[in-house]
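Open the model in your viewer and set it to a cartoon view. This tour goes from one selection to the next and says what to look for at each stop.

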Amino acid sequence: MQPLHLNPPPTLLHPEKWCEEFNHFISQCLIKDFEKRPSVTHLLDHPFIKGAHGKVLFLQKRLARVLQEQKQLNSAAKIRHERMHTRGPYHVQDAEKYCLEDDLVNLEVLDEETIIHHLQKRYADSLIYTYVGDILIALNPFQNLSIYSPQFSRLYHGVKRISNPPHIFASADAAYQCLVTFSKDQCIVISGESGSGKTESAHLIVQHLTFLGKANNQTLREKILQVNSLVEAFGNACTAINDNSSRFGKYLEMMFTPTGAVMGARISEYLLEKSRVIKQATGEKNFHIFYYIYAGLYHQKKLSEFKLPEEKPPRYIADETGRVMYDIISKESYRSQFEAIQHCFRIIGFSEKEVHSVYRILAGILNIGNIEFAAISSQHQTDKSEVPNPEALENAASILCISPKELLKALTSHCVVTRGETIVRANPVDRAADVRDAMSKALYGRLFSWIVNRINTLLQPEKNICHSGNGMNVGILDIFGFENFQRNSFEQLCINIANEQIQYYFNQHVFALEQMEYKNEGIDAMPVEYEDNRPLLDMFLQKPLGLLALLDEESRFPQARDQTLVDKFENNLRCKYFWRPKGAALCFGIWHYAGKVLYDASGVLEKNRDTLPADVVIVLRTSENKLLQQLFSIPLTKTGNLAQSRAKIIAASRSLPPHFSSGRAKVDTLEMMRHPEESTNMKRQTMASYFRYSLMDLLSKMVIGQPHFVRCIKPNDDREALKFSRERVLTQLRSTGILETVNIRRQGYSHRILFEEFVKRYYYLAFRAHQTPPASKESCAAILEKSKLDHWVLGKTKVFLKYYHVEQLNLLLQEVIGRVVILQAYTKGWLGARRYKRVREKREKGAITIQSAWRGYEARSKFKKISNRRSESAAHIQAGLRVAPDLKSHPEGDYDYSETSSYFPDVTKKNWHSQAQSSPNGYDVFQRPANKNSMAGTNALTSWTHRATPDHQELSPCEAPWKPGSEDGLAQKQRTPRRRYQQPKMLSSPEDTMYYNQLNGTLEYQGSKRKPRKLGHLKVLDGEDEYYKSLSPVAGIPENIAAHLFFFSSSSKGNYFAQH
């Protein structure tokens, strides 16, 4: 074979640019002949390597500069097959960034200017993620980055945090590893302003957790990945500062088995902005789903089926620009999103009937918005309303499968029950419009809640997988961000109060609880000052003088107005966080943690009441659409959502009101068992009370798990890529307390673990497996010293660790457990092999026993058959020999051989004498094989014949055994009369002779040359055995019968049996 090292080795392109030692080192490394190539040990002793010790940072900077120069020189992009895919997720441009700037805690100089400078520098290099201890800062890139592929998911799977650059996948992996290691629920809190990238970060976390918790059910993983897209189509909308703004709070819980496999998911939704359905601010849009379904139905030519116009858009989605229909028709994104929504419905498990019902309800909402009212005056009443154009009313009723007349009555009038009497009063135009809008908001809100409940039902764990108490959850909070628009109303107030609550949760876990434990445990730590927003939350939530409590109180007064509400706030909220601008009658301001916000109080009372008349609920319950019936039959929870499971129907269904008894015959009376106000609590509950209970429910889920924080930062307000506004970012850093967070992560101890839990979790690192160390300071110190950690502190009852200590301890523990697993694997393998060997030997013994028993049974069966055949043959022989006395009763010359020939056809007088004369002794007929047995039988027959006939030396042997004329012979002949066509059978047929010869030969051979017997082998009998003797043809037959057997030749016997 031709050697491969004929060509010279490669060299540096410009060796003159490098030092002599480096050139020599490279040439030594590139020698092709492995026999001449130096080993690694020799290369480590090279002067170039020795000279590099202590200059790592300097060489990294030089190498980064060289790479940058090479990149500028070779700016042309490589073709596809020349591209190299390396393990590193980012292109290395400056090595010192990875050493210092990944974590702001490692900065030597810590102030606002330094933090802003480093964040801006990293953002310019498309490094959008930065650590602050165990907290992740994420800047919105406003562009697509190729750092979220499955290749990057594999990089961030159970590795050290410092092994890879900061990434959102690292935060997801940290939560997953804590879940599996500590068997404790986790919570990932994503916070930030609107447009900072919270929703996309939640998508990426779900994507990576699904990758980490791979289950056997591929369909389940696909369903979980499709959940966010479906929910956001119904719950997100375009605002002035964000094209995909979340208009509701979402808490997604991913459920895992104890081994870490995902087994289901559950969504909790809070505070949907239902008012967006009926009205949007300037520059904003309705929920995405309305545009998606309109575009999809338009391209499918189904607008007429859902009673939707093709030229003029419905009022609920029309805007001031008049380009809505043009965008719906021309934009391909709307059509593709509609197809994606259909795909999500199908993947998650919605039936086609359910999806069609959802589309009909959405189309019904759009048609309801087109209903207009006009005032009419009568003789007795002037504030009555009517519908001048009944087409929109009929279209809405047709789509919702309800009666147009009943819908008109419910919109233009209402029933009042006073002292047992029902009074019907007409609605003026304003009230009729409010009822119409309240009906639309209720339809959409309940439909959204039903979709969420349906998703939870389809994604719940299987019963054979999920057992009570053994599942663990990772919660992901994606809630609307802090908002400050030009006009802020009741919706922005609720959103910002929710963000205040999230900020308080962050402060409690990062600052307050940590410093409180320092004091309780006697740890000498420098306190960190931070902005506590607890007083502001008390101003909002406390009773009876909190802002929400005052709002509910004012909403109960029928004569209350927005002006009286603002006056009430000013008189009762006397604190530094509330202020009222001069010259603005219906405005008030709040100092939030993120800055000052001015709120417009117009319409706040009506939005808080959110009244839905009972007449509308009854009409909707009469719908033939089963889904619509269900939406208004299931009661609401305290958070304002539909109950997950329908309440049990109890006694006494209530009959319909009188004016419904004749119109709708197919109404289920069980749906009407309660008054709508009683079943839905619409009159008692307000939006503020729903909001308060929603915050309580959300916090109750968050406090269970160990928190992980992701702080999203909006780099600019123009949504431009690579644009970094220092003032905008600095404002967000100050409001979220990032600078204080850096200080407390550098000085403090973020992980505080009880002695008992610490020893139970990490005792493998310093003690043997069978030992049970006590939960004391000494045991904890031994574990920490064995792990070679520093900067840890022991309190009275807890171990105080830095944010990076837990990761190091977990990696050490995984290494120890990995060794144990390897030893267990080898031990289990050896035990399994030994167990298998024993089972195999036992099976072989069992097989041998079965074979032995079967062979014994087979031998006994053969022996039985042979014995039976021998007995039958002996009986046939005896029957044939009983005719022999007739030979002796007649003289030789007078014997009638014709009679004898009937028995022995070949033995006639003529051939008898010829055979006798041919032999010297007269016994030539006994020509047999020359063996001892045949000779012995011949001699015995000869001596017997001579003794039986002393007076007749030449007597024929056939006449010797019988006396002629004896009575015994005659009696014997008479005792065995022959029947017609029945002749006695002889033993010596050709088949019998061949069988016995083979059997005797086989037995003789096996008896003389058999090998030693093994267990289970059939015992072979030799000539000395009783069984062999029983088969001997001479020893088993009397002498007189044997003499007659050997008297004839083989040919005569064969002819005889062939004839008979």
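The model is a predicted one.

**Stop 1: a hairpin**

Select L794 and V799; L794 stands opposite V799, which lies in strand β19. Now widen the selection to residues 793–794, which make up strand β18, and show β19 as well: the two strands pair in the antiparallel sense over two bridges. How many residues lie between β18 and β19 in the hairpin they form? There are three.

**Stop 2: the other neighbour of β19**

Add residues 751–754, strand β17. This strand pairs with β19 in the antiparallel sense, over four bridges. Two positions help to line the strands up: I753 stands opposite V799 in β19, and L754 stands opposite K798 in β19.

**Stop 3: the whole sheet**

Keep the three strands on screen. They form an open sheet in the order β17-β19-β18, with antiparallel pairing. Which are the edge strands? They are β17 and β18, each of which pairs on one side only. Next, show helix α18, residues 490–521, which packs on this sheet and touches β17 and β19. The direction of α18 makes about 130 degrees with that of β19.

Now turn on the side chains of β19, residues 798–801. In a regular strand, side chains alternate between the two faces of the sheet. Here K798 and F800 point one way, while V799 and L801 point the other way. Are these four residues buried or exposed? All are buried.

**Stop 4: two packed helices**

Select residues 755–762, helix α29, and residues 777–786, helix α30. Two packed helices are described by the angle between their axes and the distance between the axes. For α29 and α30 the angle is about 40 degrees and the axes are 10 Å apart. Angles under 35 degrees would count as roughly parallel and those from 65 to 115 as roughly perpendicular; α29 and α30 are therefore oblique to each other. The crossing of α29 past α30 is left-handed.

Show side chains where the helices touch. From α29, F755, F758, V759 and Y762 meet K777, S779, C780, I783 and L784 of α30. By class, this contact has seven nonpolar residues, one polar and one charged.

**Stop 5: a covered helix**

Move to residues 547–555, helix α20. The helix is mostly covered, with eight of its nine residues buried. Those buried are L547, L548, A549, L550, L551, D552, E554 and S555. What do they pack against? Their partners include α18, already on screen, as well as α21 (562–572), α22 (604–609) and α26 (687–702). Also among them are α19 (534–541) and strand β14 (587–592), which lead to the last stop.

**Stop 6: a second sheet**

Select β14 together with β13 (578–579) and β15 (595–600). These three strands form an open sheet in the order β13-β14-β15, and the pairing is antiparallel. The edge strands are β13 and β15, each pairing on one side only. Between β14 and β15 there are six bridges. To find one of the paired positions, select G589, whose bridge partner in β15 is L598. Finally, bring back α19: this helix packs on the sheet, touching β13 and β14, and its direction makes about 145 degrees with that of β14.

Key
Residues are numbered from 1 along each chain as its sequence is written. This is a predicted model: local features need pLDDT of at least 70, side-chain atom pairs count only at pLDDT 80 or more; totals for chains, interfaces and linings use all residues. Side-chain values use heavy atoms; hydrogens and water are left out. Buried means under 20% relative accessible area, exposed over 50%, partly exposed in between (1.4 Å probe, protein chains only). Two strands pair if DSSP finds at least two bridges between them. Axes are lines fitted to C-alpha atoms, for helices over the stretch in contact, and angles run from 0 to 180 degrees between N-to-C directions. Angles under 35 degrees count as roughly parallel, over 145 as roughly antiparallel, 65 to 115 as roughly perpendicular and the rest as oblique. A crossing is left-handed if the near helix is turned anticlockwise from the far one by less than a right angle, and right-handed if clockwise. Contact means heavy atoms within 4.5 Å. Ala, Val, Leu, Ile, Met, Phe, Trp, Tyr, Cys and Pro count as nonpolar, Asp, Glu, Lys and Arg as charged, and the others, Gly among them, as polar.
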